[in-house]
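Grab the viewer and work through a few short exercises. Try each task by yourself before reading its solution.

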Amino acid sequence: MAKYINYHELAPRNDFDDGTFRTLSLYAKNREEWVLTDMACVLTDITVVTLYDTLGKDSIEYILN
C-alpha cells in the first residue's frame with residue numbers, strides 16, 4: 001500500500017517555512033482499508049487528514065483548501 005501511494009504520487013509534497021510535508025486526505029467509513037492506508041502513511045511519513053461526512057460540504061472544502 002505504501003509503495004502504491006508513493007508510485008502514484010497520491011500524497012504530494014508541500015513546502016512551507018517549517019519544512020516539507022506530505023498529506024493524504026481520507027474520506028471513508030471506518031473499515032479495514034482505512035486502517036491499512038493509515039499505517040502505510042505512517043510508514044512513509046505522510047500526515048493523514050481525516051474527513052467525515054458529518055463535517056458538511058463547506059467544512060470539508062475549507063479543510064482541503
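**Exercise 1.** Find which residues make up the largest nonpolar core.

Solution. Start with buried residues (under 20% relative accessible area, 1.4 Å probe, protein chains only). Then join the Ala, Val, Leu, Ile, Met, Phe, Trp, Tyr and Cys ones through side-chain atoms within 4.5 Å. You end up with eight residues: A2, I5, A11, L24, L26, A40, C41 and I46. At least two residues of this core come from each of α1 (2-7), β2 (19-27) and α2 (32-43); helices (H or I, at least four residues) and strands (E, at least two) are DSSP runs, numbered from the N terminus. Now zoom in on A40: leaving out residues up to four places away in sequence, A40 touches M1, A2 and I5 (heavy atoms within 4.5 Å).

A word on the model: it is predicted, so local features need pLDDT of at least 70 and side-chain atom pairs 80 or more, while totals for chains, interfaces and linings use all residues. Residues are numbered from 1 along each chain as its sequence is written, and side-chain values use heavy atoms, without hydrogens and water.

**Exercise 2.** Place E9 and D45, and decide whether each is buried or exposed.

Solution. E9 sits in the loop between α1 and β1 (13-16). It isn't a glycine, yet its phi is positive, about 50°. With a relative accessible area of 64%, E9 counts as exposed (the cut-off is over 50%). Next, D45 is in the loop between α2 and β3 (47-51). D45 is another non-glycine with a positive phi, about 60°, and at 67% relative accessible area D45 is exposed.
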